[in-house]
Amino acid sequence: MTITEILKRGKSYVKDSLETINKLDEKLKAFITVNNKAKELPGKFSGVPIAVKDNIVTKGLRTTCASKILKEYIPPYDATVVKKLKQSGFTIIGKTNLDEFAMGTGTEYSAYQITRNPWDLSRVAGGSSGGSAAAVASGEVVAALGSDTGGSIRQPAAFCGVIGFKPTYGLVSRYGLVAFASSLDQIGPITKTVKDAAILMNVISGFDSNDSTTVDRKVEFTKYLDEDFSNVKVAFPKEVFDEGIEDGVAERFNEFVKFLEGKGIKVDKVDFPELKYSVATYYIIAPAEVSSNLSRFDGMRYGKRNEEEGLLETYLKSRTNNLGPEVIRRIMIGTFTLSAAYYDAYFEKAQKVRRLITNKIENLFDKYDFIITPTSPITAFKIGEIKDPLVYYLMDIFTIPANLAGIPAINIPFGFSNNLPVGMQIMGRKFDDPKVLGFANYIEKDNPVVFPFKEEKK
């Protein structure tokens with residue numbers, strides 16, 4: 001079931017969604033909180049159930065960020081995107097699982113549970129928006145919101161075989177999104193079809209006076225859904241095959257290139273040597289912003305407090321007992337790189353490399369309409385299989401550049417490897433979001449075999 005199918009049917013899907021969640025989620029564990037009292041709201045999308053990642057605040061509905069420190073937090077207000085969804089008639093069916101404070105790639109760092117992949121319950125659903133992707137892929141909901149800091153919408157969408165779209169930075173308000181890395185974070189949709197993603201973007205995007213990073217720019221995201229993209233020029237970095245890519249993913253990517261060429265699209269291999277620096281750059285900038293953004297969760301201003309004799313001791317006990325190991329690791333890394341002795345050597349240098357990567361991408365867009373890569377170098381891995389945090393970090397090699405440059409990027413499913421979904425990523429120029437969605441829809445319409453959720457033509 002998709003958004004457009006529900007609208008055509010003219011019947012609420014809220015009760016069906018709750019029944020599906022109650023039947024499946026004991027094993028799937030996509031939700032931290034289910035809104036069992038959810039009801040239809042008036043509006044254009046009345047009766048359409050949607051899930052929201054649990055780092056996006058919802059008035060009166062628990063928001064935990066999958067952390068013990070916020071276990072009992074009930075927000076007094078709605079995030080701007082949630083407010084817009086409700087005003088349009090969407091029903092918030094529940095809050096989905098994630099890696100704690102959105103730091104991870106498999107929900108294995110959630111303080112509550114690990115979300116299972118609907119295609120294979122022994123494997124992760126991806127992260128950090130794994131709960132949202134699993135909920136959509138399993139049919140628990142028709143759509144969900146996630147947040148994307150370095151690929152956290154696109155990578156779980158690839159692992160679960162659904163659409164995941166990261167908009168241009170500034171097109172969607174971050175007001176009410178619990179901040180991870182403010183210069184990188186962006187809220188976006190996870191859906192079964194590209195059209196549904198475009199519909200949701202029309203709802204949640206727009207200028208917000210509560211978020212000074214939003215741009216006052218009217219964008220019609222469904223504008224190019226019926227366009228012919230056979231005359232576009234596409235590039236892919238030759239370095240794609242140097243980054244530990246699985247054989248099956250490499251095979252699907254080669255097939256994807258041939259598929260595009262078969263439609264008359266010009267596809268060129270290009271040099272992108274800066275790609276190999278993107279992970280290191282990200283994991284200096286993001287933890288630095290984390291160390292600042294998460295300082296408020298100290299048991300005093302926000303979060304669970306563990307009382308000790310002195311103020312410092314209370315801070316230390318509250319944070320040590322209620323923040324997970326990955327969150328603490330990133331806070332420590334960020335505090336180190338921002339320290340007076342190392343700021344120039346690490347943080348300032350990372351910002352310069354970020355500019356180099358952004359410039360390279362912009363230069364490529366002077367010649368090409370889109371850049372393509374696999375979304376992830378691997379398919380969904382088994383729960384507990386990866387122990388080394390550095391291995392986790394390297395999984396974001398293809399998704400991070402879009403966040404560093406602030407450009408739109410989408411995951412589209414493209415076949416399988418070892419019976420697990422493989423995703424392809426399309427990146428476009430800044431503010432070319434409608435064209436990215438249009439190109440993805442152009443591919444989706446002509447490739448029904450690899451899109452298991454494609455709508456039937458009436």
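Residues count as buried under 20% relative accessible area, as exposed over 50%, and as partly exposed in between. All views show a predicted model.

**View 1. A nonpolar surface patch that includes Tyr346.** Tyr346 has a relative accessible area of 34%, so it is classed as partly exposed. The residue belongs to helix H11, which spans residues 343-364. Together with Phe336 and Tyr342, Tyr346 makes up a nonpolar patch on the surface, and the accessible area of the three together is about 270 Å².

**View 2. Strand S6 and its two partner strands, S2 and S8.** Strand S6 covers residues 143-148, and 6 of its 6 residues are buried. In a regular strand, side chains alternate between the two faces of the sheet. On one side of S6 are Ala143, Leu145 and Ser147, on the other Ala144, Gly146 and Asp148, and all are buried. Strand S2 (residues 49-53) runs parallel to S6 and is joined to it by 3 bridges; here Ile50 is opposite Ala143. Strand S8 (residues 186-191) pairs with S6 in the antiparallel sense through 6 bridges, with Pro189 of S8 opposite Leu145.

**View 3. Surroundings of Ser132 in helix H4.** Helix H4 runs over residues 130-138 and contains Ser132. With a relative accessible area of 0%, Ser132 is buried. Its side chain makes a polar contact of 2.8 Å with the side chain of Thr96. Beyond neighbours within four places in sequence, Ser132 is in contact with Lys53, Thr96, Asn97, Ala144, Leu145 and Ile190. Of these contacts, Ala144 and Leu145 are buried residues on opposite sides of S6.

**View 4. The salt bridge between Asp78 and Lys86.** The closest N and O atoms of this pair are 3.0 Å apart. Asp78 is buried at 18% relative accessible area, whereas Lys86 is partly exposed at 28%. The model has 14 salt bridges by the rule applied.

**View 5. Salt bridges within helices H10 and H7.** Side chains of opposite charge can pair when their charged atoms come close. In helix H10 (residues 325-338), Glu326 and Arg330 are 4 residues apart, about one turn of the helix. Their side chains form a salt bridge with an N to O distance of 2.7 Å. Glu326 is buried at 2% relative accessibility, and Arg330 is buried at 4%. A separate network of salt bridges with shared partners joins Glu251, Arg252 and Glu255. Within it, Arg252 and Glu255 meet at 2.9 Å, N to O. These two residues lie 3 residues apart in helix H7 (residues 247-262), and are therefore separated by about one helical turn. Arg252 is buried at 13% relative accessibility, while Glu255 is partly exposed at 38%.

Key
Residues are numbered from 1 along each chain as its sequence is written. This is a predicted model: local features need pLDDT of at least 70, side-chain atom pairs count only at pLDDT 80 or more; totals for chains, interfaces and linings use all residues. Side-chain values use heavy atoms; hydrogens and water are left out. Buried means under 20% relative accessible area, exposed over 50%, partly exposed in between (1.4 Å probe, protein chains only). Two strands pair if DSSP finds at least two bridges between them. Patches are made of residues with over 30% relative accessible area and no salt bridge: like charges are joined within 9 Å, nonpolar side chains (Val, Leu, Ile, Met, Phe, Trp, Tyr) within 5 Å. Accessible areas come from the Shrake-Rupley method with a 1.4 Å probe; for residues, only the protein chains shown count as cover. A salt bridge is a side-chain nitrogen of Lys or Arg within 4 Å of a carboxyl oxygen of Asp or Glu. A polar contact is a pair of N or O atoms within 3.5 Å; within protein, one must be able to donate a hydrogen and the other to accept it, and residues adjacent in sequence count only if both atoms are side-chain atoms. Contact means heavy atoms within 4.5 Å.
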